[in-house]
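Here is a short tour for a computational chemist who likes to see how a fold is put together. Please keep the viewer open while you read.

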Amino acid sequence: MSNEGKKVRAHYRGTLDDGIQFDCSYDRGEPIEFVAGAGQMIKGFDAAVLDMAVGEKKTVHIPAAEAYGERSEDMILFFPADQVPDFEKIEVGMKLFLQGPGGMPVPVSVCEVTPEGVKLDANHELAGKDLNFDIELVEVLD
């Protein structure tokens with residue numbers, strides 16, 4: 001039986017290989033809801049729930065390529081100081097948002113500030129990292 005194309009609800013706990021937890025639906029008390037196989041989740045997570053039965057639990061290791069991808073130097077962007085609003089308030093480590101295609105916000109991290117401008121990292125914060133998930137399929141909604 002496949003869950004492909006069906007709306008499912010799943011609880012999960014996500015950790016890095018060193019055991020550090022980066023996200024957990026149990027902590028929020030609400031499972032995540034998505035259409036299995038529709039590309040709404042990272043590839044490895046999506047694939048893991050396709051053949052699960054309600055109540056089933058599994059642990060999966062997802063390589064970076066099937067999670068948020070590898071880090072890319074092409075995602076490091078430079079903006080000249082005169083093009084950055086409130087440039088004098090920008091500090092390394094800050095999280096900002098750029099406007100992406102269709103007006104969607106794109107999260108970035110400030111990685112360098114010089115008098116000439118600012119370097120922003122648009123890589124996902126988990127890019128380049130292998131992820132581990134404990135997944136529990138809670139419900140299939142059809």
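The report below goes through a sheet, a pocket, a group of aromatic rings and a few single residues.

Please bear in mind that this is a predicted model.

**The open sheet**

Let us begin with the strands. Four of them make up an open sheet, and their order across it is E5-E8-E7-E6. The pairing is antiparallel. Strand E5 (76-80) and strand E6 (95-99) are the edge strands, each with a pairing on one side only. From one strand to the next, the twist averages 40°. As background, strands of a sheet pair through backbone hydrogen bonds, either parallel or antiparallel.

Two of these pairings can be followed in some detail. E6 and E7 are joined in the antiparallel sense by five bridges. If you would like a landmark there, pick Leu 98, whose bridge partner in E7 is Val 106. The hairpin of E6 and E7 has five residues between the strands, and Gly 102 in this hairpin takes a positive phi near 70°.

On to the next pairing: E7 also pairs with strand E8 (residues 117-121), in the antiparallel sense and over five bridges. Here a good landmark is Val 113, whose bridge partner in E8 is Val 118. The hairpin that joins E7 to E8 runs through two residues.

**The largest pocket**

Which strand gives the largest share of the lining of the largest pocket? That is strand E7 (residues 105-114), with four residues. The volume of the largest pocket is about 260 Å³. Its lining is made of Arg 71, Lys 95, Val 106, Pro 107, Val 108, Ser 109, Asp 121, Ala 122, Asn 123, His 124 and Glu 125. Sorted by class, this lining holds four nonpolar, three polar and four charged residues. Val 106 is thus a residue to select twice: it is part of the pocket lining, and Val 106 is also the bridge partner of Leu 98.

**The aromatic cluster**

The model has five aromatic pairs. Phe 34 and Phe 45 form one that is edge-to-face, at 5.9 Å centre to centre and with 65° between the planes. Phe 34 belongs to strand E3 (residues 32-35) and Phe 45 to helix H2 (residues 43-49), so this pair ties together parts that are eleven residues apart in sequence.

Phe 45 has another ring partner. The centres of the rings of Phe 45 and Phe 133 are 5.1 Å apart and their planes stand at 85°, so this pair is edge-to-face. Because Phe 45 lies in helix H2 and Phe 133 in strand E9 (residues 131-140), the pair ties together parts that are 88 residues apart in sequence.

Are these three rings buried or exposed? Phe 34 counts as buried at 3% relative accessibility. Phe 45 is buried as well, at 1%. Phe 133 is buried with a relative accessible area of 5%. Looking wider, ring pairs link Tyr 12, Phe 22, Phe 34, Phe 45 and Phe 133 into a cluster.

**Single residues to inspect**

Asp 86 sits in the loop between E5 and E6. Asp 86 has a positive phi of about 55° although it is not a glycine. For context, most residues other than glycine have a negative phi. The relative accessible area of Asp 86 is 48%, so Asp 86 is partly exposed, below the 50% that exposed residues exceed.

Val 35 lies in strand E3, and Thr 59 is found in strand E4 (residues 57-62). Val 35 and Leu 126 are 91 residues apart in sequence, and 23 Å apart in space from C-alpha to C-alpha. For Thr 59 and Gly 39, the separation is 20 residues in sequence and 20 Å in space, again C-alpha to C-alpha.

This table gathers the accessibility of the residues discussed.

| Residue | Relative accessible area | Class |
|---|---|---|
| Phe 34 | 3% | buried |
| Phe 45 | 1% | buried |
| Phe 133 | 5% | buried |
| Val 35 | 23% | partly exposed |
| Asp 86 | 48% | partly exposed |
| Thr 59 | 60% | exposed |

Note on methods
Residues are numbered from 1 along each chain as its sequence is written. This is a predicted model: local features need pLDDT of at least 70, side-chain atom pairs count only at pLDDT 80 or more; totals for chains, interfaces and linings use all residues. Side-chain values use heavy atoms; hydrogens and water are left out. On a 1 Å grid over the protein atoms alone, a cavity is a set of points where a 1.4 Å probe fits but cannot get out, and a pocket is an open set with protein on both sides within 12 Å along at least five of seven lines; lining residues have an atom within 4 Å of a point. Grid points are joined across faces, edges and corners, and a volume is the space filled by probe spheres set on the points. Ala, Val, Leu, Ile, Met, Phe, Trp, Tyr, Cys and Pro count as nonpolar, Asp, Glu, Lys and Arg as charged, and the others, Gly among them, as polar. Two strands pair if DSSP finds at least two bridges between them. Axes are lines fitted to C-alpha atoms, for helices over the stretch in contact, and angles run from 0 to 180 degrees between N-to-C directions. Rings of Phe, Tyr and Trp (its six-membered ring) pair if their centres lie within 6.5 Å; planes under 30 degrees apart count as stacked, over 60 as edge-to-face and the rest as tilted. Buried means under 20% relative accessible area, exposed over 50%, partly exposed in between (1.4 Å probe, protein chains only).
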